[in-house]
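Me: I'm new to this one and would like to know what stands behind the labels people put on it. Can we go through them one by one?

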Amino acid sequence: SSAQKRMYMIQQLESGTVYNMPMLFAVEGLINSERMGEAFQKLVKRHDSLRTSFEEIDGQIVQKILPNLSFSLEKRDGNGLTIEALTNDFVRSFELNKAPLMRAELAESDEATYLMVDMHHIISDGVSIQLLLNEFMEFYNGKELEPLRIQYKDFAAWQNKFLESGEIKKQEEYW
């Protein structure tokens, strides 16, 4: 989409974490880290954007979607580490030409367990994060979800087709 192209160009100029969308969750009660990893894998399989990378080909920024991607939930011993130390080490720049543009880590200590998730804004926004979190919980709780009818790539294709059509000129003239 045009928004993704802008983010891609800015990220190439200012490689860093400005477009990272980190989240930290304090996890209460007993958790099954294997089931949590499986829930992430199901989420990645379900959403093309979570298997997406970007690159420039002949001056055009293109989205590449891997048909399959093995996603693993990393684990860390969080004993002796503050939340700030955990997140400072966890949040790092993404390479946009390497999928996935999301990472997740479980940090367990004697005092607390934290789930950290970081995504690049090029594959997600505030609305989609809420959807992904809801679906993650559904998968973690053993539920199956109906296949998606439409993906973000479908919107991007429609938008690019519209921008290349003569219809956009009519809109520009009108406005």
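Reply: Sure, with one thing up front: this is a predicted model. Let's start with a single residue. F40 has a relative accessibility of 3%, so F40 counts as buried.

Me: Why is F40 called buried?

Reply: Because buried means under 20% relative accessible area, and F40 comes in at 3%. F136 gets the label too, because its relative accessible area is 7%.

Me: What makes F40 and F136 an aromatic pair, and why is the pair called tilted?

Reply: The structure holds seven aromatic pairs. In this one the ring centres are 4.5 Å apart and the planes make an angle of 40 degrees. Rings pair if their centres lie within 6.5 Å, and tilted covers what is neither under 30 nor over 60 degrees, so a pair at 4.5 Å and 40 degrees is a tilted one.

Me: How do you know that the pair links distant parts of the chain?

Reply: Look at where the two rings come from: F40 belongs to helix α2 (residues 33-46) and F136 to helix α4 (residues 126-140), and 96 residues separate them. There's also a cluster here, in which ring pairs link F40, F71, F136 and Y140.

Me: What makes the pair of Y174 and W175 edge-to-face?

Reply: The angle does. Their planes stand at 90 degrees, with the ring centres 4.9 Å apart. Edge-to-face needs over 60 degrees, so 90 degrees earns the name.

Me: Are Y174 and W175 buried or exposed?

Reply: Exposed means over 50%. Y174 has 63% relative accessibility, so Y174 counts as exposed. W175, at 75%, is exposed as well.

Me: Why does S109 count as buried?

Reply: S109 has a relative accessibility of 18%, and the cut-off for buried is under 20%, so S109 gets the label. You'll find S109 in the loop between β5 (102-108) and β6 (113-120). Leaving out residues up to four places away in sequence, S109 touches G78 and N79.

Me: What makes β2 and β3 a pair of strands?

Reply: Two strands pair if there are at least two bridges between them. Strand β2 (residues 52-57) and strand β3 (residues 60-65) are joined by six bridges, so they pair, and they run antiparallel. To trace the pairing, start from E55, whose bridge partner in β3 is V62. T52 stands opposite I65 in β3.

Me: And what lies between β2 and β3?

Reply: Two residues, and the strands form a hairpin. D58 is in that turn.

Me: What makes D58 stand out?

Reply: Its backbone angle: D58 has a positive phi of about 50 degrees although it is not a glycine. Most residues other than glycine have a negative phi. D58 is also exposed, because its relative accessible area is 77% and the cut-off is over 50%.

Me: How do you know that E56 and Y8 are in contact?

Reply: Contact means heavy atoms within 4.5 Å. E56, in strand β2, is in contact with Y8 and I61 once neighbours within four places in sequence are left aside. I83 is another story: E56 and I83 are 27 residues apart in sequence, and their C-alpha atoms are 37 Å apart.

Me: What does V27 touch?

Reply: V27 is in strand β1 (residues 20-27). Not counting residues up to four places away in sequence, V27 touches T113, Y114 and L115. From V27 to L96, 69 residues along the chain, the C-alpha separation is 30 Å.

Me: Why is the bond from A99 to P100 worth a look?

Reply: That peptide bond is cis, with omega near 5 degrees. Most peptide bonds are trans. P100 lies in the loop between α3 (83-90) and β5.

Me: Now for the whole chain: how many helices and strands does the chain have?

Reply: Six helices and six strands. From the N terminus, the order is α-β-α-β-β-β-α-β-β-α-α-α. The C-alpha atoms fill a box of roughly 65 × 40 × 30 Å along the principal axes.

Me: And how much of the chain is buried?

Reply: Buried residues make up 36% of the 175 residues. The chain exposes about 11000 Å², and carbon and sulfur atoms supply 51% of that area.

Terms used
Residues are numbered from 1 along each chain as its sequence is written. This is a predicted model: local features need pLDDT of at least 70, side-chain atom pairs count only at pLDDT 80 or more; totals for chains, interfaces and linings use all residues. Side-chain values use heavy atoms; hydrogens and water are left out. Helices (H or I, at least four residues) and strands (E, at least two) are DSSP runs, numbered from the N terminus. Buried means under 20% relative accessible area, exposed over 50%, partly exposed in between (1.4 Å probe, protein chains only). Accessible areas come from the Shrake-Rupley method with a 1.4 Å probe; for residues, only the protein chains shown count as cover. Rings of Phe, Tyr and Trp (its six-membered ring) pair if their centres lie within 6.5 Å; planes under 30 degrees apart count as stacked, over 60 as edge-to-face and the rest as tilted.
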